[in-house]
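Reader: Hi, I am new to this one and would like to be walked through it slowly. Could you put it up first?

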Amino acid sequence: MREQLLKVRGLTVRFPMRREGLIGPRRWLTAVDAVDLEVAAGQSVGIVGESGCGKSTLARAILALVVPQGGTIEWRGQSMRLDDAAALKQMRRELQVVFQDPVGSLDPRMTIGESVAEALLALQGPQAPGAAATRVAASLREVGLDPALATRYPHELSGGQCQRAAIARAIVARPRLLVCDEAVSALDVSVQAQIVNLLDELRQRHGLALLFISHNLAVVRHLCDEVVVLYLGRVVERASREQIFAAPRHPYTRALLAAVPHPDPAQAARTGLVAMREVDAVPQSATAAVPGCAYLPRCPFAESNCRTQAPRLEDAGGGQLIACHRWRELPVAR
Amino acid sequence: MTSDALLAVRDLSVEFATPRGVVRAVREVTLEVRRGECLAIVGESGSGKSQLFLGSFGLLAARGSARGSVRFDGQQLLGADPGPLRSVRGTRVAMVFQDPMNSLTPHLTIGRQLTEVVLDRDLLGPQEARARSLEALRAVRMPDPAARLRQYPHELSGGQRQRAVLAMALMTEPDLIVADEPTTALDVTVQAQVLDVLREARDRGLALVLITHDLGVVAGIADRVAVMYSGRIVESAPVRELFAAPAHPYTAALLRSVPRLDTPLADRLASIEGQPPHPGEERPGCAFAPRCPSAMEACRSSLPRLRSAGDRSVACHLPCAGTAFAP
Amino acid sequence: MAGSTPASVMTDGGLWADARRRLRGNRAAVAAAVVVVLLVLAALLGPLVSPYALDHVDWTLSPLASPPSLEDAHWFGTDSNGRDLFVRVWSGTQVSLLVALLATAVSVVIGVAWGATAGYVGGRLDGWMMRVVDVLYALPYMFFVIILTVVFGRSLWLIFLAIGAVGWLTMARIVRGQALALRQREFVAAAVTLGLPAHRIIARHIVPNVLGTVIVYATLTVPQVILFESFLSFLGLGVQEPLTSLGRLVAEGALEMETAPWQLLAPSVVLATLLLALNFLGDGLRDALDPRQG
C-alpha cells in the first residue's frame with residue numbers, strides 16, 4: 001500500500017465580496033466547496049475544470065498560500081495548520097510547486113542559479129561550502145539545462161527554459177509531491193511536450209507524486225493516473241484515467257470531453273458542443289449558495305430533484321465517484 | 001495564384017529597427033485568401049504569424065516597416081494613403097485579437113461600442129445601427145442580446161466578451177475577418193461555441209483568417225492551412241491533406257507532439273528538441289535545421305525555397321515521404 | 001514568449017545592463033549626468049583652486065563688494081563682506097549637495113522599509129502604517145521644520161534630519177504601491193512556498209524589485225531638497241555661519257541685486273543648472289529603468 005501523502009477533507013475556501021448596500025449581509029464567493037482529495041506517493045492526480053472552477057484556489061490552499069474557511073488538510077498523516085510552524089516547514093520541503101507563468105515565477109532580479117540556490121537553502125538549511133553550487137548544477141542538469149545557464153536572468157531565457165528552471169527550483173530539495181498549476185499552459189506547443197515528458201521522467205525517476213492542474217484534457221490524460229473534475233468549486237466526478245476518458249459519466253465531464261477539438265479534420269468538422277444547454281453558456285460566479293446542483297443551469301438532463309438537493313459523490317463502481325442524481329439512468333459510453 | 005483572391009500577399013517582409021539591429025519578423029511571405037474560405041496560419045512564438053497581418057493592414061508598432069505587396073480585392077494596401085487604408089480596414093476587413101478585455105473599452109457599454117463602429121464611419125443612422133447591433137449579437141449567439149447592449153465589458157464573462165468583439169467585427173458586414181488567437185484565452189466549452197459562430201460566418205460567405213497555434217481548432221474550421229516558422233511559410237496545403245500527410249518535417253513533428261484524446265496513449269510525447277527561434281533570429285540555411293530530425297548539410301547552408309505542386313507547397317530540401325514532394 | 005513587438009531578443013548582463021544601455025542612448029540624460037558630475041567636481045575642487053579661504057575678508061578691496069575680475073583671482077567677485085564668491089559658491093554647493101544627499105538617504109531608508117512592509121504585509125498593518133503616513137502628510141510641513149529649527153537651533157544635522165523625516169512620506173507611498181503590485185506576482189508566491197519569513201521576502205524579493213523606482217524618485221527628490229533648503233535659507237533658517245549654502249548665497253545676493261548683481265548671478269546660475277541637470281537625469285533614469293521595452 002503506498003503511503004498517503006496528501007489528504008484533503010471538506011476543504012472550503014471563500015472570499016469576501018462587497019456587501020449588499022451599506023449594512024446588508026456580506027456576500028461570499030465560494031471558490032472551493034467541500035472538496036475531498038487524496039494523493040498517494042508516486043501517484044499522479046489531475047484536476048480539471050474551466051475558469052471559475054476553483055482549481056487554482058484549491059492548489060493555493062493545499063500549498064498554504066490561502067487560509068481555508070473549512071475542512072482539513074493532512075500531510076503524511078499530520079494535520080496542517082497555518083500556526084504550526086514546524087510542521088509547515090517540514091511540509092514545505094516535501095510539497096513544492098511549479099506555476100503557470102514561467103518567466104513570472106522567477107524573480108527577475110535574480111539569476112536562475114540564485115533562485116534555485118535560494119530554494120535549496122530555505123528548505124534544507126545552510127550547506128557545506130561548495131555543496132550548494134554542486135547541487136544547483138545537478139538540479140539544472142536534471143531538468144535538461146546546461147549548468148552554465150545558472151548565471152542567466154529569466155528574461156534572457158525562453159519560456160521553456162524558464163519553466164525548466166522553475167522545475168529545477170522545485171525539485172532541488174527532493175520533494176515528494178509536486179503541484180503543477182497550469183505548468184505547461186503558457187508554453188509553445190512544441191515545448192509543452194518536452195516539459196510534459198520531463199515531468200513524467202522525474203516522476204518515474206524519483207517516485208515523485210504529481211498534482212497536475214490543467215484545463216488541457218489531453219495533457220492530463222497523458223500524465224495522470226487519476227482525474228478529478230471540478231465545477232464551480234465542487235467535485236463532480238473523480239475516476240481513474242481509463243474510466244474518465246473512456247466512460248465519463250457526469251454530464252459536465254461529457255460536455256467537456258466533447259468540446260475538445262481533435263487535431264483531425266475528419267472528426268473535428270462536427271458541431272462542437274454536445275449535450276450542453278445554450279442557456280447562459282458560461283459558468284456563473286459562485287456567489288449565491290446554490291441549494292441544488294451547481295451544474296443545473298447548463299445540464300440538459302436536469303430534473304426537479306436537481307434544483308433542490310445538491311448531489312453527493314456516489315461510487316459508480318470501480319472507484320469512480322460521481323456527483324449526479326441521475327448517473328444511473330444516463331447512457332454510459334461517450 | 002488565382003486572380004479572384006480576396007487578399008493577395010506577395011513577398012511581404014516586416015522588419016523592426018531595434019537597438020540591437022534589424023529584426024526581420026516576417027520574411028518574404030506569399031499567400032492568398034479566397035472568398036468564403038478559412039485560411040489558418042499555424043505557428044509558435046517567433047514565427048511572425050501575428051506581425052504578418054499587423055503589417056498587412058498598417059497596424060505595426062512605431063519601429064516597424066513592411067515591404068512587398070498586399071492587395072485586397074485588387075487594391076494595394078501597403079503604402080496606401082491613410083484614407084483609403086482606413087476605408088478598407090475596419091469596414092471590409094475586421095480584426096479580432098486574442099484578449100477581448102483589451103479590445104473592449106471598459107467604460108463604454110457594449111451597445112455603444114457596437115454602434116460606434118458604424119456610426120463613426122457614417123455607414124448607418126442611429127436606428128439602423130442599433131438594429132444591426134442586435135442582429136450581430138444574435139449572429140454570435142450571445143444569450144439575451146438586448147440586455148447585453150446596456151452592459152459594460154466587465155459584467156460579461158470571457159466568452160461573452162469575445163463574442164461581443166466578434167459582433168463588433170461583423171457590424172460593418174466585412175468581407176474578411178482576421179482573428180488572432182480568438183479562442184486561446186477561453187474555456188474549451190466556450191471555445192467550441194465561438195468556433196461554431198465562426199464556422200457559420202464562413203458558411204455565409206465570409207472569408208476568415210485564423211491565426212492560431214492550436215491544431216485542434218485548425219482541424220475544426222480551416223479549409224487551408226499555412227504553417228509558419230521563423231518568419232517564413234514552410235508549408236501550405238488543404239487541411240485534410242496537411243493532417244493526413246504533412247510534407248514539412250516541422251509540421252509532421254508538431255502534429256506528433258500534440259497530445260490527443262483520440263489516440264492510444266504513448267510512453268513519451270514525441271517532442272521537438274530545442275526551442276522555437278527568437279523573433280528575427282538569423283541563420284544561413286533553413287531555420288528549422290537545428291531541430292529537424294532529418295536535417296542534412298545542405299539544410300544548414302542553403303535556404304529552401306517554397307515549391308508548389310497542385311494546391312500544396314513546401315519549403316524543404318527533404319520533404320516527408322508519402323507526399324507529392326518526396327524526392 | 002515573444003512580446004507583441006518582437007524586441008525581446010536575448011540580452012546579457014541582466015536588467016541593469018539593459019537600463020544602462022537605454023540611458024546611454026538618451027542624450028539629454030547623458031548630458032545632464034555629465035553636467036552633474038562636472039558640478040560636483042567643481043564643488044570639490046573649486047575651493048582648493050582658489051587662493052582664498054572661505055571666510056577670508058579681502059581688505060585690499062574698496063569697496064569690499066567688488067565685481068568679478070581676473071587679476072586678483074576673484075573670479076566670481078566678492079560679497080558685501082569682501083569674501084571671495086568663487087570659493088563661497090562652490091563651498092555652498094558642497095553643503096547643498098551634502099544636505100540633499102543625506103536627507104534623500106534618510107527618506108529612502110525609512111520610506112522603503114515602511115512602504116515595502118506595508119505593501120507586502122497588507123491587511124490591518126498596512127492600514128495603520130499608511131494612516132500614520134496620511135496624518136504626517138497632513139501636518140504643515142513647513143511649520144514643522146521651522147519649529148524644529150527654532151527650538152533645536154540651526155545645526156546642519158538637524159536640517160537634513162528634518163527634511164528627510166518628512167521626505168520619506170512620498171517615498172513610502174510610492175514603494176507601498178509597487179510592493180502591492182509585486183505581491184501578486186508568482187515569484188513572490190514561490191518564495192512563500194519556500195517557507196521564507198516575511199522579512200526575508202521583503203528584503204530579498206520586494207526591495208530589489210522596487211529599486212528602479214526608488215532610484216528615480218530619489219534622483220528627483222535631491223533637487224527638491226536643495227530647493228527646500230534654499231527656501232529655508234531665504235527665511236533665514238538655513239545653515240549657519242561659517243557654512244554657507246547655495247540658498248543662503250542666493251538670499252544674500254538677492255538683497256544686493258541692484259548694486260552688486262554678480263552676487264546673485266553666480267549662485268543662481270549654479271543652482272538652476274544643478275536643479276535642471278538633476279531633473280533631466282531623473283527623467284532619463286525613469287525611462288531607462290522602465291522594464292517595458294519601447
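Reader: Which helix of chain C has the lowest mean pLDDT among the elements, and which has the highest?

Author: Among the elements of chain C, helix α1 (residues 14–25) has the lowest mean pLDDT, 73, while helix α7 (residues 186–193) of chain C has the highest, 93. Here pLDDT is the predictor's confidence in each residue, from 0 to 100, and helices (H or I, at least four residues) and strands (E, at least two) are DSSP runs, numbered from the N terminus. This is a predicted model, in which local features need pLDDT of at least 70, side-chain atom pairs count only at pLDDT 80 or more, and totals for chains, interfaces and linings use all residues. Residues are numbered from 1 along each chain as its sequence is written, and chains are lettered from A and ligands numbered from 1 in the order in which they are written.

Reader: Where in chain C is the pLDDT below 50?

Author: That is the case over residues 1–12 of chain C, a stretch that has 32 contacts in the model beyond near neighbours in sequence; two residues are in contact if their C-beta atoms, placed from the backbone, lie within 7 Å. Where pLDDT is low, the predicted coordinates should not be read in detail. For chain C as a whole the mean is 83, and 93% of its residues reach 70 or more.

Reader: And what is the mean pLDDT of chain A?

Author: The mean for chain A is 86, with 91% of its residues at 70 or more. Among the elements of chain A, helix α10 (residues 265–268) has the lowest mean, 76, and β7(A) the highest, 96. Over residues 278–283 of chain A the pLDDT stays under 50, and the model has 17 contacts for them beyond four places in sequence.

Reader: Changing topic, in what order do the eight strands of the sheet in chain A come?

Author: The open sheet of chain A has the order β6-β7-β8-β3-β9-β10-β12-β11, with mixed pairing, where two strands pair if DSSP finds at least two bridges between them. Its edge strands are β6 (95–98) and β11 (314–315) of chain A, each of which pairs on one side only. Helix α5 (residues 159–171) of chain A packs on this sheet and touches β6 and β7 (177–181) of chain A, its direction making about 175° with that of β6(A); axes are lines fitted to C-alpha atoms, for helices over the stretch in contact, and angles run from 0 to 180 degrees between N-to-C directions.

Reader: How many bridges join β9 to β10 in chain A?

Author: Six bridges join β9 (residues 226–231) of chain A to β10 (residues 234–240) of chain A, and the two strands run antiparallel. A:Leu230 stands opposite A:Val235 in β10(A).

Reader: Now the chain contacts: how many residues of chain B are in contact with chain A?

Author: 40 residues of chain B are in contact with 42 residues of chain A. On the side of chain B that touches chain A, α8(B) gives the most, with seven residues.

Reader: And how many residues of chain A are in contact with chain C?

Author: There, 23 residues of chain A are in contact with 19 residues of chain C. On the side of chain A that touches chain C, the largest share, four residues, comes from α3(A).

Reader: Last one, which domains is chain B divided into?

Author: Chain B is divided into domain 1 (1–92 + 174–261 + 268–279) and domain 2 (104–173), with bounds that come from an automatic or database domain assignment. The C-alpha centres of domain 1 and domain 2 of chain B lie 26 Å apart.
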